[in-house]
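Me: I am new to this structure and would like a close look at a single part of it. Please set that part against the whole chain, and explain each term as you come to it.

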Amino acid sequence: MEDHLQDAEAAEGLIGKRQEDALQSEAQAMLDVREQIVEARESVAEVREGAIHHREEAMGTREHKVLGREQHQEAIATRLTLSDEQILLLRQTNAQLVIATIEAHELADQLKVARDQLDYTAQHDALTALPNRLLLQGNR
């Protein structure tokens, strides 16, 4: 009976050892799975960081394009404003030139009338308006 007891104890020890080995194997397998999960999560995090970095670069490029367009539109608006101001200035200058030309023609007409009056006065008597000697000497 003692042999049976020893055999039973040895069998129990073997069973306990096998159960302990099986538990350790399961624990190790679970640790391995957990490590794989952690590695997978780290990989996903790296991919997400890459995607975020890519999106940030795309946003930066878009912002740069928008800023460039805004600056271009502001430059065009400035040019148009300058053009409108220049057109207004040209119109005002043109109007002044037209007025000055008309005034010059009027002055030229007045000068002609004054010269004609001066010639008439020089060649005619002031009281009688008869031709004087200068007119008569000039016709000879």
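Reply: The answer below starts with the whole chain and then follows helix 1 and the loop after it.

The model is predicted, so local features are described only where pLDDT is at least 70 and side-chain atom pairs only at pLDDT 80 or more, whereas totals for chains, interfaces and linings use all residues. Residues are numbered from 1 along each chain as its sequence is written, and side-chain values rest on heavy atoms, with hydrogens and water left out.

The protein has 2 helices and 0 strands, where helices (H or I, at least four residues) and strands (E, at least two) are DSSP runs numbered from the N terminus. Helix 1 covers residues 2-123, and helix 2 covers 133-139. Along its principal axes the C-alpha trace spans about 185 × 25 × 10 Å. The radius of gyration is 58 Å, while a compact globule of 140 residues would have one near 14 Å; this quantity is taken over C-alpha atoms, and the globule rule is 2.2 Å times the number of residues to the power 0.38.

Distances within helix 1 give a further picture of that span. Leu107, found in helix 1, lies 148 Å from Gln6, C-alpha to C-alpha, with their positions 101 residues apart in sequence. Thr93, also placed in helix 1, has its C-alpha atom 66 Å from that of Arg48, 45 residues away along the chain.

As for the surface, buried residues make up 1% of the 140 residues, where buried means under 20% relative accessible area, exposed over 50%, and partly exposed in between (1.4 Å probe, protein chains only). Leu107 counts as exposed because its relative accessibility is 54%, whereas Thr93, at 35%, is partly exposed. The accessible surface of the protein comes to about 13,200 Å², and 57% of that belongs to carbon and sulfur atoms; such areas come from the Shrake-Rupley method with a 1.4 Å probe, and for residues only the protein chains shown count as cover.

Charge is the next feature to follow. The protein carries 15 positive and 27 negative side chains, with the centres of the two sets 22 Å apart. Lys and Arg count as positive and Asp and Glu as negative, with His and the chain ends not counted, and the place of a charge is NZ of Lys, CZ of Arg, CG of Asp or CD of Glu. Asp32, Glu35, Glu39, Glu42, Glu46 and Glu49 form a negative surface patch; patches consist of residues with over 30% relative accessible area and no salt bridge, like charges being joined within 9 Å and nonpolar side chains (Val, Leu, Ile, Met, Phe, Trp, Tyr) within 5 Å. Glu35 is in helix 1 and is partly exposed at 47%. Glu39 is likewise placed in helix 1, and its relative accessibility of 48% makes it partly exposed. From Glu39 to Leu90, 51 residues along the chain, the C-alpha separation is 75 Å.

Side chains of opposite charge can pair when their charged atoms come close. The structure holds 1 salt bridge, meaning a side-chain nitrogen of Lys or Arg within 4 Å of a carboxyl oxygen of Asp or Glu. Its partners are Asp116 and Lys112, at 3.4 Å from N to O, and both lie in helix 1, 4 residues or about one turn apart. Asp116 is partly exposed at 41%, while Lys112 is exposed at 52%.

Beyond helix 1, the loop leading to helix 2 contains Ala129. Most residues other than glycine have a negative phi. Ala129, although not a glycine, has a positive phi of about 65 degrees, and its relative accessibility of 38% makes it partly exposed.
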